[in-house]
Amino acid sequence: MQDKADSPELKAWVATWHAAGDALAQVRRDELRQLNTAQALEQLADAFEHALRIAPILRTSGLIDQQRWFRRLSS
C-alpha cells in the first residue's frame, strides 16, 4: 500500500502551490515597487482619522499585560 504522502497527486499539488507561492511573491514585490506612498497615505487618511475618533484612549501600551501573560504561560 502506498503512503498518501508519497502519492503523485499530492506531490503535484505541493509543486503547484509552491509555484503559485513564488508567482504571488513576485506579484507582491512588483506591486510594492510601484506603490505611491503619498497616494496610499492619502487614501488611508479617512480611515485613520475615524480610528482615532472611535478608539478608546489606552493608558498603557499593553506591554505590561503582555509580560504578565508570558509569565503565566511559562509557569
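A residue counts as buried under 20% relative accessible area, as exposed over 50%, and as partly exposed in between. The structure described here is a predicted model. By this scale aspartate 65, at 38% relative accessibility, is partly exposed, because its value lies between the two cut-offs.

The confidence of the prediction is considered next. The mean pLDDT of the protein chain is 91, and 96% of the residues reach a score of at least 70. Among the elements of the chain, the highest mean pLDDT, 96, belongs to helix H2, which covers residues 37-54. The lowest mean, 93, belongs to helix H3, which covers residues 63-74. Helix H1 spans residues 8-34.

A search of the whole structure finds 2 salt bridges. One of them joins the side chains of arginine 33 and aspartate 30, with an N to O distance of 2.8 Å. These two residues are 3 residues apart in helix H1, and so about one helical turn separates them. Arginine 33 has a relative accessible area of 58% and is therefore exposed, because this value is over 50%. Aspartate 30, at 30% relative accessibility, is partly exposed.

Another salt bridge links arginine 68 to aspartate 65, where the closest N and O atoms are 2.7 Å apart. Arginine 68 and aspartate 65 lie 3 residues apart in helix H3, which means that they are separated by about one helical turn. Arginine 68 is partly exposed, with 33% relative accessibility, and aspartate 65 is likewise partly exposed, with 38%.

Aromatic side chains were also examined. The structure holds 1 aromatic pair. In addition, the charged end of arginine 72 sits over the ring of tryptophan 69, at 5.2 Å from the ring centre.

On the surface, Leu10, Trp13, Val14 and Trp17 make a nonpolar patch of about 440 Å². Valine 14, one of these residues, is placed in helix H1. Its relative accessible area is 45%, so valine 14 is partly exposed. A residue can belong to a patch if its relative accessible area is over 30% and it has no salt bridge; the 45% of valine 14 therefore satisfies the area condition.

Two further positions were compared with residues elsewhere in the chain. Alanine 38 is located in helix H2 and is exposed, with a relative accessible area of 54%. Between alanine 38 and arginine 68 there are 39 Å in space, C-alpha to C-alpha, and the two are 30 residues apart in sequence. Arginine 59 is found in the loop between H2 and H3. At 84% relative accessibility, arginine 59 is exposed, because the value is over 50%. The C-alpha atom of arginine 59 is separated by 35 Å from that of leucine 32, and these residues are 27 residues apart along the chain.

Note on methods. Residues numbered from 1 in each chain as written. Predicted model: local features only at pLDDT ≥ 70, side-chain atom pairs only at ≥ 80, totals over all residues. Heavy atoms only, no water. Patch = residues over 30% accessible without salt bridge, like charges linked within 9 Å, V, L, I, M, F, W, Y side chains within 5 Å. Areas by Shrake-Rupley, 256 points an atom, 1.4 Å probe, with all protein chains shown as cover. Salt bridge = Lys/Arg side-chain N within 4 Å of Asp/Glu carboxyl O. Helix = DSSP H or I, 4+ residues; strand = E, 2+ residues; numbered from the N terminus. Buried < 20%, exposed > 50% of the residue type's maximum accessible area, 1.4 Å probe, protein only. pLDDT = per-residue confidence, 0-100. Phe/Tyr/Trp six-rings, centres within 6.5 Å; stacked < 30°, edge-to-face > 60°. Lys NZ or Arg CZ within 6 Å of the ring centre and 35° of its normal.
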